[in-house]
Amino acid sequence: MASRQQPGSWTEDVNCFYCLDFFDDPVSLQCGHNFCRSCITRCWAQEERNPCPECREEFPDRKLTVNRVLARLAEKARKLKLNLGGNENKLHCEEHQEELKLFCETDKKLICYTCRDAREHKSHNFMPIKEAVEIYKDQLKSSLQSLTEKKSVFLETELKQTRKISDVRKQSSSLQTHITSEFREMHQVLTEKEQRLLRDLRREEEEILDTMEKNLREIQGNLNSIEEELSKMQKQMEQQDGVKFLKEVMCQKRRTSENYDKQPLAEGKLSIGKFNGPVQYMAWREMIDAISPAPAFLTLDPKTANPWLMVSEDQTSLRLRDKPQEIPDTPERFDCCVYALGSEGFTSGKHYWEVEVQNKTCWSLGLARQSANRKGRIDPRPQAGYWTVCLLPGRGYVAGTSHSDTPLALGVGPQKIGVFLDYEAGQVSFYNADSMSHLHTYTHTFTETLLAFFFPGPNDGGKNRAPLSICGFKGH
């Protein structure tokens with residue numbers, strides 16, 4: 001027992017209080033405590049008053065004394081540790097200094113044989129360390145397997161997240177290219193319109209000025225002739241011979257009366273109305289033809305309208321009737337839900353239209369598959385072939401998404417709703433057409449004809465009698 005205790009009893013005295021390892025270049029403080037030089041230097045670098053880390057006594061200056069005896073002892077301790085080899089690496093009981101041989105299941109700790117017989121561990125369950133290692137390795141294997149599975153899940157999630165980040169970046173890059181291209185086309189239209197107007201102005205200016213300048217040259221020619229005649233007359237006035245004077249005067253009269261009639265002014269005015277009119281509006285009107293998609297002028301299909309709906313004569317608005325009309329129940333007509341569809345079918349391209357919803361308390365708009373069910377009670381959602389946004393009493397503005405309604409954040413209620421379809425991209429988007437702020441977007445792969453969808457809502461005690469009206473863009 002003593003032989004095992006002897007090395008540990010003095011090697012502990014050559015451990016630095018600060019780093020808990022054998023002293024390295026030990027130095028003594030004025031209080032008598034010892035530290036590695038690097039440890040006390042590092043400690044004092046963080047302090048202001050140079051305290052001892054062990055007793056906290058403070059010193060006015062940083063006086064360090066080399067402790068060579070302690071340095072030699074620390075070196076011996078290192079060599080002893082190396083010589084002991086594996087024995088030094090064995091764990092010993094802190095209380096009895098015996099090698100740890102048993103595992104106490106009750107306390108979940110390693111103990112020596114003396115600990116086993118002590119009152120502290122009386123009636124506890126013990127097992128050899130090797131057996132305990134096998135049990136806990138089995139437990140660790142289970143935990144390791146579970147953690148490995150979780151790691152696989154996280155790796156897969158990480159890969160998916162990375163791909164999604166990459167997808168967003170690619171989508172953003174594609175959208176940036178699209179926006180730049182769209183505005184480049186508009187810039188080109190405006191530039192061409194500007195250059196065309198400037199060319200027309202220059203051409204008209206040249207035509208008018210050409211006539212005026214030609215007339216000016218004629219005036220100047222006549223003016224030169226008159227000045228020459230005036231000069232001749234002046235000389236005639238100075239003629240002393242009466243016979244010669246009279247002959248010259250009579251001849252001069254005839255020439256002036258025949259050759260110098262009054263010269264008219266050449267008139268000409270620029271087309272101010274063409275070049276100083278509503279130029280921006282004229283450019284906008286011309287620009288509509290270049291816009292893709294240009295706002296569509298849709299009409300309603302009365303053959304799809306529920307009997308309770310009244311479609312206007314021009315087929316651009318609908319409202320709820322006071323009583324249903326007597327009409328045949330055809331396959332294309334909604335028989336139960338008060339819905340209607342547009343006349344125009346979309347099978348490709350980009351399309352945009354606007355519907356006026358002013359003064360209404362309930363409505364629904366969007367798109368529907370041509371094959372979507374029109375009979376009985378219908379819940380207009382994507383799985384049924386409907387993509388809509390709605391205003392619902394008591395619930396506000398919502399999108400009729402797949403499993404539940406998605407609230408839409410709107411400040412002031414819109415007067416008009418814009419509907420955009422990009423068939424190939426599988427996109428249906430809705431906008432507050434007053435400000436063109438985005439409301440909601442659906443994505444889907446379309447494979448059949450789509451039709452505009454309309455629901456004017458119930459009368460709501462007369463509060464919702466205003467019609468749903470498709471906005472016209474006849475100007476373009």
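Let me start with Glu354, which sits in strand 10, residues 350–356. This is a predicted model, so please hear every value as computed from predicted coordinates. Is Glu354 buried or exposed? Its relative accessibility is 7%, and because the cut-off for buried is under 20%, Glu354 counts as buried. The side chain of Glu354 has a partner: a polar contact of 2.7 Å joins it to the side chain of Tyr352.

Strand 10 comes up again at the largest pocket, where it is one of the elements that give two or more residues to the lining. The others in that group are helix 6 (129–237), helix 9 (279–288), strand 15 (416–422), strand 16 (427–432) and strand 17 (437–443). Which element gives the most to this lining? That is helix 6, with ten residues. The lining has 31 residues in total, and those nearest the centre of the pocket are His178, Glu182, Ser292, Pro293 and Phe420. Sorted by class, there are 18 nonpolar residues, eight polar and five charged. The space in the pocket comes to about 1,200 Å³.

On to charged pairs. How many salt bridges does the structure hold? The count is 13. I will go through three of them.

The first on my list is Asp25 with Arg37, where the closest N and O atoms are 2.9 Å apart. Asp25 is in the loop between helix 1 (2–11) and strand 1 (26–28), while Arg37 is in helix 2, residues 37–45, so we have a link between distant parts of the chain, twelve residues apart. Both ends are partly exposed: Asp25 has a relative accessible area of 38%, and Arg37 is at 30%.

Next, Lys375 and Asp329, whose side chains meet in a salt bridge at 2.7 Å, N to O. Here the partners are 46 residues apart, with Lys375 in the loop between strand 11 (363–369) and strand 12 (386–392), and Asp329 in the loop between strand 8 (317–320) and strand 9 (340–346). Lys375 is partly exposed at 27%, whereas Asp329, at 55%, counts as exposed.

Then there is Asp405 with Arg381, at 3.0 Å between the closest N and O atoms. Asp405 lies in the loop between strand 13 (396–399) and strand 14 (406–407), and Arg381 in the loop between strand 11 and strand 12, so this salt bridge ties together parts 24 residues apart in sequence. Arg381 is buried, with 11% relative accessibility. These two residues also belong to a network of salt bridges that links Asp379, Arg381, Arg395 and Asp405.

Last topic, the aromatic rings. The structure holds ten aromatic pairs. One of them is Tyr386 with Phe453, an edge-to-face pair with 5.4 Å centre to centre and 75° between the planes. Tyr386 lies in strand 12 and Phe453 in strand 18 (residues 450–455), so the pair ties together parts that are 67 residues apart in sequence. Both of these residues, Tyr386 and Phe453, are buried.

Tyr423 and Phe446 make another pair: their ring centres are 5.7 Å apart and the planes stand at 40°, so this one is tilted. Tyr423 is in the loop between strand 15 and strand 16, and Phe446 in the loop between strand 17 and strand 18, 23 residues apart. Tyr423 and Phe446 are both buried as well.

Finally, which residues do ring pairs link into a cluster? They are Phe334, Tyr339, Tyr386, Phe453 and Phe455.

Methods:
Residues are numbered from 1 along each chain as its sequence is written. This is a predicted model: local features need pLDDT of at least 70, side-chain atom pairs count only at pLDDT 80 or more; totals for chains, interfaces and linings use all residues. Side-chain values use heavy atoms; hydrogens and water are left out. A salt bridge is a side-chain nitrogen of Lys or Arg within 4 Å of a carboxyl oxygen of Asp or Glu. Helices (H or I, at least four residues) and strands (E, at least two) are DSSP runs, numbered from the N terminus. Buried means under 20% relative accessible area, exposed over 50%, partly exposed in between (1.4 Å probe, protein chains only). A polar contact is a pair of N or O atoms within 3.5 Å; within protein, one must be able to donate a hydrogen and the other to accept it, and residues adjacent in sequence count only if both atoms are side-chain atoms. On a 1 Å grid over the protein atoms alone, a cavity is a set of points where a 1.4 Å probe fits but cannot get out, and a pocket is an open set with protein on both sides within 12 Å along at least five of seven lines; lining residues have an atom within 4 Å of a point. Grid points are joined across faces, edges and corners, and a volume is the space filled by probe spheres set on the points. Ala, Val, Leu, Ile, Met, Phe, Trp, Tyr, Cys and Pro count as nonpolar, Asp, Glu, Lys and Arg as charged, and the others, Gly among them, as polar. Rings of Phe, Tyr and Trp (its six-membered ring) pair if their centres lie within 6.5 Å; planes under 30 degrees apart count as stacked, over 60 as edge-to-face and the rest as tilted.
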